[in-house]
Amino acid sequence: MIDLTEYKAESGRLVPVWTIEVQTLPQDTDRILDEIMKIHPLSFGRYQRNASISAVGKETTQPEPGSTTTTHVEGFEPGATETYPMVELKISVERDLDTLSSVMDAIIHAHHYEEPVIFVREDWASRAAYNPKSDNPNRWWNNGRGLPDRIE
């Protein structure tokens, strides 16, 4: 990966992060984020608890003999295909191994699977040249539309 620590632009800079993407049930995202927040603020610029959650999709698997499914679901046939709803929960943390270890422990503790699908990538995240008084017409406070409607 290219070292972008010297990248600088009028718009801002880039910082090294770990991007962590977790496949989980839609209703479990808040529980996982709450567990992470006990040990990490999930900061992005001047905001905390930053995450993205995809639209609902599907995950599919074929549990092998001796898996949790074959252990706990009476009559389940090993190798049968299962499909469930899922979302991808994506967060980023500073590229520090102790931080990564703590966040991964929190995710795995809060997740409903014993072997959750989690991807970790080395990425670079933008940090804007912050100006809360910007007169840029594209900023939400200048564009006449304001913030989008909140989702409950």
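Which side chains meet in a salt bridge with an N to O distance of 3.3 Å? They belong to aspartate 28 and arginine 31. This is a predicted model, and the pair makes a friendly place to begin.

## Salt bridges to look for

A search of the whole structure turns up 6 salt bridges. In the pair just named, aspartate 28 counts as buried because its relative accessibility, 7%, is under 20%. Its partner, arginine 31, is partly exposed, with a relative accessible area of 38%.

Another salt bridge joins aspartate 123 to arginine 121, at 3.6 Å from N to O. Here aspartate 123 is partly exposed at 23% relative accessibility, and arginine 121 is partly exposed too, at 32%.

## A network reaching helix α1

Arginine 49 and aspartate 30 also form a salt bridge, and their closest N and O atoms lie 3.4 Å apart. This pair links distant parts of the chain: aspartate 30 sits in helix α1, while arginine 49 is in the loop between α1 and β3, 19 residues apart. Arginine 49 has a relative accessible area of 33%, and aspartate 30 has one of 44%.

Asp34 comes into the picture as well, since Asp30, Asp34 and Arg49 are linked in a network of salt bridges.

## How α1 meets α3

Helix α1 spans residues 29–37 and helix α3 spans residues 97–110. The two pack at an angle of about 145°, their axes 9 Å apart, in a right-handed crossing.

On the α1 side, the contact uses Arg31, Ile32, Glu35 and Ile36. Facing them from α3 are Val103, Ala106, Ile107, His109 and Ala110. The contact residues divide into 6 nonpolar, 1 polar and 2 charged.

Note on methods. Residues are numbered from 1 along each chain as its sequence is written. This is a predicted model: local features need pLDDT of at least 70, side-chain atom pairs count only at pLDDT 80 or more; totals for chains, interfaces and linings use all residues. Side-chain values use heavy atoms; hydrogens and water are left out. Axes are lines fitted to C-alpha atoms, for helices over the stretch in contact, and angles run from 0 to 180 degrees between N-to-C directions. Helices (H or I, at least four residues) and strands (E, at least two) are DSSP runs, numbered from the N terminus. A crossing is left-handed if the near helix is turned anticlockwise from the far one by less than a right angle, and right-handed if clockwise. Contact means heavy atoms within 4.5 Å. Ala, Val, Leu, Ile, Met, Phe, Trp, Tyr, Cys and Pro count as nonpolar, Asp, Glu, Lys and Arg as charged, and the others, Gly among them, as polar. A salt bridge is a side-chain nitrogen of Lys or Arg within 4 Å of a carboxyl oxygen of Asp or Glu. Buried means under 20% relative accessible area, exposed over 50%, partly exposed in between (1.4 Å probe, protein chains only).
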